[in-house]
Each structure stands twice: as C-alpha cells, then as structure tokens.
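Welcome! Here is a short tour for anyone meeting this structure for the first time. Please have a look at the sequence and the model, and then read on.

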Amino acid sequence: MPESRKFFVTQYAAIFDSEDRLLLLRDATHDSVKGKWIFPGGHIDMETGPLAALAREVKEETNLKMTAAWVFRTAIKKYSDGNWRFVVYYVCHAKGKVRLDKDHDAYEWADIEKTKKMKFRDNEEKQIIIELLKRKRGEGASQHPAPLL
C-alpha cells in the first residue's frame, strides 16, 4: 500500500534592502525551526491565490507591503514533521518598516558573510540564500523575468 502523506504548497519571499541585504526572520515558536533563520512566507490557503497568499504572509510576519514578485526557484522537500512541501521561492519588492509578528523574535538584513554564520533549517536552505545573495551581487545569473505582481 502506498505511503499516506500530506502535501502543502509553501512560499517564501526574498526581500532585499537598498544595500542588497536579504531580510531573514528568526523563528520563535515552531519546534522544528525555533531559533533558526528563515524567509518570510508560509502555506497557501485553498481559497487564496499564490501571490495574494504570499502578500498576506509578508504583511502578517513583517508588516511590509509586497509590491512585486517573481519566482527564482522551486523545490520539493520533506520536512521534519513528515509532510511534503512544494516550495516556491520568490524575489519580492516590498515597502514599509519591518515590525515582527509573535511567531518571530528577531530580524536581520543579512549579507553573505553574516549568512555564513547563521543557523538555518538545513544546509540546503543556507545554500539557496547564499546563491541568491551572490546573484544579487552580480556573481552568476542576474537577469530576472518580469515581475508577476
């Protein structure tokens, strides 16, 4: 009999400041990632479209208003809770002043050097962040398709 599993669609927002540093949040509540650095984002609700869901998560978690977004990476991952996720990573433009929700206890505008010292969910996540920061600095593919929003 095939394995029974739950499958979620999860989206993450890569938001940069004017100095090309990436916004990362430190999780304060979820056992599997508590104390680790993560992208803003979350699951898509069945009744919400992908970009509306991402904009809602960004607003809830950071108080920023998302103004544009485009996909830069996708992945299928099995998380420590046993559930599978189709993960969509977006580069986003956002405006406003960061104010955290109760699920996060710190935020950081991180560059590559700072990122190398931070703790993430797993090494793959850290490598995705470093790759993105290198691209932003012009080390690799730097062309993005037109924004989706």
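## Strands side by side

In this predicted model, strand β1, residues 7-15, pairs with strand β6, residues 84-95. The two run in the parallel sense, and nine bridges join them. To find one of these bridges, look for A13, whose partner in β6 is Y90.

Strand β1 also pairs with strand β4, residues 41-43, this time in the antiparallel sense and over three bridges. Here you can look for Y12, whose bridge partner in β4 is G41.

## Aromatic rings

Across the whole structure, a search finds four aromatic pairs. One of them brings together Y12 and Y89, with 5.5 Å between the ring centres and 40 degrees between the planes, a tilted arrangement. Because Y12 lies in strand β1 and Y89 in strand β6, this pair ties together parts that are 77 residues apart in sequence. Both Y12 and Y89 are buried.

Y89 has another tilted partner in F72, at 5.8 Å centre to centre and 50 degrees between the planes. This pair links distant parts of the chain too: F72 belongs to strand β5, residues 65-78, and Y89 to strand β6, 17 residues apart. Are these two residues buried or exposed? F72 has a relative accessibility of 14%, so it counts as buried. Y89, at 1%, therefore counts as buried as well.

Step back a little, and Y12, F39, F72 and Y89 turn out to form one aromatic cluster. Elsewhere, F16 has a charged visitor: the charged end of K136 sits over the F16 ring, 5.0 Å from its centre.

## The nonpolar cores

The largest nonpolar core has 23 residues, and L22, L24 and F39 are the ones that touch the most other members. Which elements give two or more residues to this core? They are β1, β2 (22-27), β5, β6, β7 (104-110) and α3 (123-136). The largest share comes from α3, which gives four residues.

L22 is a good place to explore. Leaving aside residues up to four places away in sequence, L22 touches A14, I15, F16, F39, E108, W109, A110, I129, L132 and L133. Apart from the largest core lies another one, made of 16 residues, including L25, V88, C92 and W109.

Key:
Residues are numbered from 1 along each chain as its sequence is written. This is a predicted model: local features need pLDDT of at least 70, side-chain atom pairs count only at pLDDT 80 or more; totals for chains, interfaces and linings use all residues. Side-chain values use heavy atoms; hydrogens and water are left out. Two strands pair if DSSP finds at least two bridges between them. Rings of Phe, Tyr and Trp (its six-membered ring) pair if their centres lie within 6.5 Å; planes under 30 degrees apart count as stacked, over 60 as edge-to-face and the rest as tilted. Buried means under 20% relative accessible area, exposed over 50%, partly exposed in between (1.4 Å probe, protein chains only). A charge sits over a ring if NZ of Lys or CZ of Arg is within 6 Å of the ring centre and within 35 degrees of the ring normal. A nonpolar core is a set of buried Ala, Val, Leu, Ile, Met, Phe, Trp, Tyr and Cys residues joined through side-chain atoms within 4.5 Å. Contact means heavy atoms within 4.5 Å.
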